[in-house]
Amino acid sequence: MSVPLANQIDDVLSSVLSLVTARTGRLVAVTLAGASQDEVLPRVKDRLRKAGLPDVEVHVRSLPGPLRVLTLEFER
């Protein structure tokens, strides 16, 4: 994994975790865009597990541009 992509993953996950603490409800799904699933999915799932969110569904859409969050789905 390239260093720029690793940094993008760190930045996106920091944003996701900040949003999780700011909202009520339990995060159940995240959709990310901007990279291939094979590059991003294992690292994102590992980081979410370490953050105490092991059961979050992660979807990745390969789209041009930087890695970004498309959707966050919360269960109340």
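These legends describe close-up views of a predicted model.

**View 1. Three strands form one open sheet.**
The strand order is 2-1-3, and the pairing is mixed. Strand 2 (57-61) and strand 3 (68-75) are the edge strands, and each pairs on one side only. Direction ignored, neighbouring strands of this sheet are turned by 15 degrees against each other on average. Strands of a sheet pair through backbone hydrogen bonds, either parallel or antiparallel. Both senses appear in the next two views.

**View 2. Strand 1 and strand 2 pair in the parallel sense.**
Strand 1 covers residues 26-33. Five bridges link strand 1 to strand 2. Thr31 stands opposite His59 of strand 2. Ala33 has Arg61 as its bridge partner in strand 2.

**View 3. Strand 1 and strand 3 run antiparallel.**
Seven bridges join strand 1 to strand 3. Arg26 has its bridge partner, Glu75, in strand 3.

**View 4. Strand 1 is largely enclosed by the rest of the structure.**
Seven of the eight residues of strand 1 are buried, so the strand is largely enclosed. Ala29 belongs to strand 1. Its relative accessible area is 8%, so Ala29 counts as buried, the cut-off being under 20%. Leaving aside residues up to four places away in sequence, Ala29 touches Val56, Glu57, Thr71, Leu72 and Glu73. Ala29 and Glu57 are 28 residues apart in sequence. In space, their C-alpha atoms are 4.4 Å apart.

**View 5. Side chains alternate along strand 2.**
In a regular strand the side chains alternate between the two faces of the sheet. Val58 and Val60 of strand 2 point to one face and are buried. Glu57, His59 and Arg61 point to the other face and are not buried. His59 is also the residue opposite Thr31. Arg61 is also the bridge partner of Ala33.

**View 6. Helix 1 and helix 2 each lie across two strands.**
Helix 1 (residues 3-22) lies across strand 1 and strand 3. Helix 1 runs at about 30 degrees to strand 3. Helix 2 (residues 37-50) lies across strand 1 and strand 2. Helix 2 runs at about 155 degrees to strand 2.

**View 7. Helix 1 packs against helix 2.**
Two packed helices are described by the angle between their axes and the distance between the axes. For helix 1 and helix 2 the angle is about 40 degrees, and the axes are 11 Å apart. That makes helix 1 oblique to helix 2, because 40 degrees is over the limit for roughly parallel, which is under 35 degrees. The crossing of helix 1 and helix 2 is right-handed. Helix 1 brings Leu5, Ala6, Ile9, Asp10, Leu13 and Leu17 to the contact. Helix 2 brings Glu39, Val40, Arg43, Val44, Arg47 and Leu48. By class, the contact of helix 1 with helix 2 has eight nonpolar, no polar and four charged residues.

**View 8. Asp10 of helix 1 touches two arginines of helix 2.**
Asp10 sits in helix 1. Asp10 is partly exposed, at 25% relative accessibility. Not counting residues up to four places away in sequence, Asp10 touches Arg43 and Arg47. Asp10 and Arg47 are 37 residues apart in sequence. The C-alpha to C-alpha distance between Asp10 and Arg47 is 8.8 Å.

**View 9. Ser2 lies in the segment before helix 1.**
Ser2 is partly exposed, with a relative accessible area of 39%. Ser2 and Glu39 are 37 residues apart along the chain. Their C-alpha atoms are separated by 9.3 Å. Glu39 is one of the helix 2 residues in the contact with helix 1.

**View 10. Pro54 lies in the loop between helix 2 and strand 2.**
Pro54 has a relative accessible area of 59%. Pro54 is therefore exposed, since the cut-off is over 50%. Not counting residues up to four places away in sequence, Pro54 touches Leu48 and Arg49. Leu48 also takes part in the contact of helix 2 with helix 1. Pro54 and Val28 are 26 residues apart in sequence. In space, Pro54 and Val28 are 9.7 Å apart, C-alpha to C-alpha.

Methods. Residues numbered from 1 in each chain as written. Predicted model: local features only at pLDDT ≥ 70, side-chain atom pairs only at ≥ 80, totals over all residues. Heavy atoms only, no water. Pairing = 2+ DSSP bridges. Helix = DSSP H or I, 4+ residues; strand = E, 2+ residues; numbered from the N terminus. Axes fitted to C-alpha atoms, helices over the stretch in contact; angles between N-to-C directions. Contact = heavy atoms within 4.5 Å. Parallel < 35°, antiparallel > 145°, perpendicular 65-115°, else oblique. Left-handed = near helix turned anticlockwise from the far one by under 90°. Nonpolar A, V, L, I, M, F, W, Y, C, P; charged D, E, K, R; others polar. Buried < 20%, exposed > 50% of the residue type's maximum accessible area, 1.4 Å probe, protein only.
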